[in-house]
Amino acid sequence: MKTSEINPAVFAEIRDIKSRYIRDRSVFVEGPRMAGILRSLGASAADLESLELVSDGLSSDPTLPFRKSRNGRFRLDPVARRASRLEFQPFVLSKEEDFVRHDSGELRVFEEVQDDLQLNTAFQALLAFKLLVVDGVRTAHRPFLDYGSTDWICTLFNLRTVTDAALLGEPALEGVHSDGVDHTMTTLLGSTNMTEDSAVTYLHDMGETNGVRWHETDPELVLGHVRHGRFLDTLLVVDHERKHSVSPVTAADPGQPSTRDMLIFFTRRPAAAGHVSHHYDSLRPHTGLPMSVDLPTLDAEPAGAECHV
């Protein structure tokens, strides 16, 4: 969709969300509001409907038995205003990036997201929305990322967490953590048989200890909490300024499986020499699963967009 075709009121709405993100270093957008924004950014009604079902095609996760997963890498170019699919690379997160788990520092190989997701106009609108909100927002810098680059690397995860009679589904088995990026965005696609108090996301001060379980954290370091309960409920967090944890998925009917489907958008500057992902951060396009789409731009940035607070 061309920028000129987008309702100016929607850009005003996104600028308001961006202003709150700059001020609070996180922002939660409720699903119905998000759906309206995505439709204005080019999402079709059919693709919004199919997005709810895309997680049915997920594969076994390489390290977590209670999870189904796929991932893919995308380049968000704010200069050319393009989002494009990047070639496959293994994925790694380290303890140095505030991620403490049994597979920290381990090179993980995920099955790739396919065209049913990357060519979905609602998904492409989510990419556009994220760039509109985060681009130009100054944040605390992570070591060994190239902050001289204008490019954003977005690693996308499509995840289904499953609780059944044998396994407790943990959206964040690692406890308190951050994701090794500049901006994290999490969007709910759906859930089944899940209690109303399942999968609550807690935001923590950076002084909280990595790896602490969600219910064992220091209450004085809890900065807030949200719960993804409806389709497209979306949370954005400045990842190097807020840690987070998530409570387990609990089945409303213990005799039946419970599922929670999410899209997770990890977005950061390209890795520089010395970064654990430097050798797995190619900017080459994906030849087998190509995708390239135009992105809109805000006609004016909110006041203070370039000011870190």
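Four short exercises on a predicted model follow, each with a worked solution.

**Exercise 1. Confidence**

Find the mean pLDDT of the chain, and the residues over which pLDDT stays under 50.

*Solution.* Start with the chain. Its mean pLDDT is 94. Of its residues, 95% reach 70 or more. Next, look for the low stretch. Over residues 302–309, pLDDT stays under 50. The model has 21 contacts for these residues beyond four places in sequence. Where pLDDT is low, predicted coordinates should not be read in detail.

**Exercise 2. Helix α2**

Determine which residues of helix α2 are buried, and what covers them.

*Solution.* Helix α2 spans residues 31–40. Step one: list its buried residues. They are Gly31, Met34, Ala35, Ile37 and Leu38. Step two: check their directions around the axis. They cover an arc of only 165 degrees, so they sit on the same side of α2. Step three: identify the cover. It includes the helices α1 (8–24), α3 (45–51) and α5 (121–134). The strands β1 (26–29) and β9 (234–238) also belong to it. Finally, step past the end of the helix. Just after α2, Gly42 takes a positive phi of about 110 degrees.

**Exercise 3. Cores and rings**

Describe the largest nonpolar core, then classify the ring pair Phe91 and Phe110.

*Solution.* The largest nonpolar core has 49 residues. Ile14, Leu51 and Phe129 have the most contacts inside it. Helix α5 gives the most to this core, with 11 residues. Another core, of 11 residues, lies apart from it. Phe91, Leu93, Leu188 and Met262 are among its members.

Now take the rings. The whole structure holds eight aromatic pairs. For Phe91 and Phe110, the ring centres are 6.2 Å apart and the planes stand at 70 degrees. Edge-to-face requires an angle over 60 degrees. The pair is therefore edge-to-face. Both residues lie in the loop between β4 (82–86) and α4 (115–118), 19 residues apart. Both are buried. With Phe157 and Phe266 they form one aromatic cluster.

**Exercise 4. Ser258**

Is Ser258 buried or exposed, and which backbone oxygen lies 3.1 Å from a polar atom of its side chain?

*Solution.* Locate the residue: Ser258 lies in strand β11 (residues 258–268). Its relative accessible area is 0%. The cut-off for buried is under 20%. Ser258 is therefore buried. Next, the polar partner: the backbone oxygen belongs to Thr192. Last, the surroundings. Leaving aside neighbours within four places in sequence, Ser258 contacts residues including Thr161, Val162, Thr163, Asn193, Met194 and Val249.

Technical notes: Residues are numbered from 1 along each chain as its sequence is written. This is a predicted model: local features need pLDDT of at least 70, side-chain atom pairs count only at pLDDT 80 or more; totals for chains, interfaces and linings use all residues. Side-chain values use heavy atoms; hydrogens and water are left out. Buried means under 20% relative accessible area, exposed over 50%, partly exposed in between (1.4 Å probe, protein chains only). Helices (H or I, at least four residues) and strands (E, at least two) are DSSP runs, numbered from the N terminus. The arc is that of the directions from the helix axis to the C-beta atoms. Contact means heavy atoms within 4.5 Å. pLDDT is the predictor's confidence in each residue, from 0 to 100. A polar contact is a pair of N or O atoms within 3.5 Å; within protein, one must be able to donate a hydrogen and the other to accept it, and residues adjacent in sequence count only if both atoms are side-chain atoms. A nonpolar core is a set of buried Ala, Val, Leu, Ile, Met, Phe, Trp, Tyr and Cys residues joined through side-chain atoms within 4.5 Å. Rings of Phe, Tyr and Trp (its six-membered ring) pair if their centres lie within 6.5 Å; planes under 30 degrees apart count as stacked, over 60 as edge-to-face and the rest as tilted.
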